[in-house]
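Here are some exercises to work through with a structure viewer open. Try each task by yourself before you read the solution below it.

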Amino acid sequence: MSELLVDFITSLDGYASGEGWPGFWGLEGPEYLAWLGEQPGATYLMGANTYRLMSGFAAGEIPSGQDEFRPEEEASVDELTQASKVVFSSSLEDPLTWANSTLVRDDAVETVRAMKSSGSGLLSTIGSLDLSRSLLRAGLVDRFRVVMFPVITGATGEERIYDGYPDVALEMIEHRTFDGRIQLVEYKPRVLEHPPLGVPA
């Protein structure tokens with residue numbers, strides 16, 4: 001059976017990106033990049049917006065506010081290009097132009113449920129806030145990992161990650177600090193029907 005990982009990189013205040021900021025907020029370091037390079041291969045799951053953004057980068061589109069890709073960003077996009085990707089969308093059209101990408105129009109939750117039961121490798125989301133939220137609500141997520149970068153993007157932050165989430169209990173299974181400043185926390189999530197306090201026995 002496959003394992004499903006929801007994987008985010010965020011500012012401390014829970015934004016997935018920030019206007020005018022480079023990838024990784026420009027704060028990645030050698031420890032973090034080495035760890036990224038050691039991660040096992042996965043089949044990546046994404047929605048249409050993430051596909052459009054990332055496939056554009058793969059085709060040479062430069063992120064807004066930058067003159068060129070930094071080497072770390074280029075390496076990350078190259079690795080994603082080589083990986084197997086499943087894209088859930090009703091608006092994109094086949095054939096998808098980004099290498100190793102498969103378009104799925106069926107219900108994402110039921111498709112991922114079937115992929116988990118019939119597969120053996122790692123499934124991982126990339127970006128795709130709505131998709132990640134839906135998979136979590138459905139109880140399909142085995143691991144929930146967040147890498148927090150030491151910046152607050154209160155003025156420029158975009159893509160608030162946790163809006164619309166249910167209440168979720170998190171059992172920590174891993175934590176680590178990279179380069180003395182970047183914090184990884186990884187949890188086993190459990191969606192709650194109600195808060196644990198004040199509920200009749």
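**Exercise 1. A turn between strands**

How many residues lie between β9 and β10 in their hairpin, and which residue in the turn has a positive phi?

Solution. Please keep in mind that this is a predicted model.
- Step 1: go to the hairpin formed by β9 and β10, where three residues lie between the strands.
- Step 2: check the backbone angles in the turn; D179 has a positive phi of about 55°.
- Step 3: look at the strands themselves, which run antiparallel and are joined by ten bridges. Among the paired residues, E174 has E186 in β10 as its bridge partner.

**Exercise 2. Tracing the sheet**

Find the order of the strands in the open sheet, and name its edge strands.

Solution.
- Step 1: walk across the sheet, and you meet eight strands in the order β5-β4-β3-β6-β1-β7-β10-β9, with mixed pairing.
- Step 2: look for strands that pair on one side only; these edge strands are β5 (101–104) and β9 (168–178).
- Step 3: follow the twist, which averages 25° from one strand to the next.
- Step 4: zoom in on β7 (residues 143–149) and β10 (residues 182–191), an antiparallel pair with five bridges. Here V147 is bridged to L184 of β10, and R145 to E186 of β10.
- Step 5: add helix α1 (residues 30–37), which packs on the sheet and touches β1 (3–11), β7, β9 and β10. The direction of α1 makes about 120° with that of β9.

**Exercise 3. The nonpolar cores**

Which residues have the most contacts inside the largest nonpolar core, and which element gives it the largest share?

Solution. A general tendency is a handy guide: in soluble globular proteins, nonpolar side chains tend to be buried together.
- Step 1: the largest core has 23 residues, and L4, F8, L45, F88, V112 and L135 have the most contacts inside it.
- Step 2: sort by element; β1, β4 (84–88), α4 (108–118), α5 (129–137), β7 and β10 each give two or more residues. The largest share, four residues, comes from α5.
- Step 3: separate this core from another one of 14 residues, which includes V77, L80, L92 and L96.
- Step 4: inspect α5, where L129, L131, S132, R133, L135 and L136 are buried. After α5 comes G139, with a positive phi near 75°.
- Step 5: select F88; leaving out residues up to four places away in sequence, its contacts include L45, M46, V104, V112 and L131.

**Exercise 4. A pocket**

Which residues are closest to the centre of the second largest pocket?

Solution.
- Step 1: the volume of the second largest pocket is about 190 Å³.
- Step 2: it is lined by 15 residues, of which F144, V146, Y162, L170 and Y187 are closest to the centre.
- Step 3: β1, β7, β9 and β10 each give two or more residues to this lining.

**Exercise 5. A glutamate in a loop**

Is E28 buried or exposed?

Solution.
- Step 1: find E28 in the loop between β2 (15–18) and α1.
- Step 2: its relative accessible area is 11%, so E28 counts as buried, the cut-off being under 20%.
- Step 3: list the contacts beyond four places in sequence: E28 touches G23, L33, R70, E72, F149, R181 and I182.

Note on methods:
Residues numbered from 1 in each chain as written. Predicted model: local features only at pLDDT ≥ 70, side-chain atom pairs only at ≥ 80, totals over all residues. Heavy atoms only, no water. Pairing = 2+ DSSP bridges. Axes fitted to C-alpha atoms, helices over the stretch in contact; angles between N-to-C directions. Contact = heavy atoms within 4.5 Å. Core = buried A, V, L, I, M, F, W, Y, C linked by side-chain atoms within 4.5 Å. Buried < 20%, exposed > 50% of the residue type's maximum accessible area, 1.4 Å probe, protein only. 1 Å grid on protein atoms, 1.4 Å probe; cavity = no way out; pocket = protein on both sides within 12 Å on 5 of 7 lines; lining within 4 Å. Points joined across faces, edges and corners; volume = space filled by probe spheres on them.
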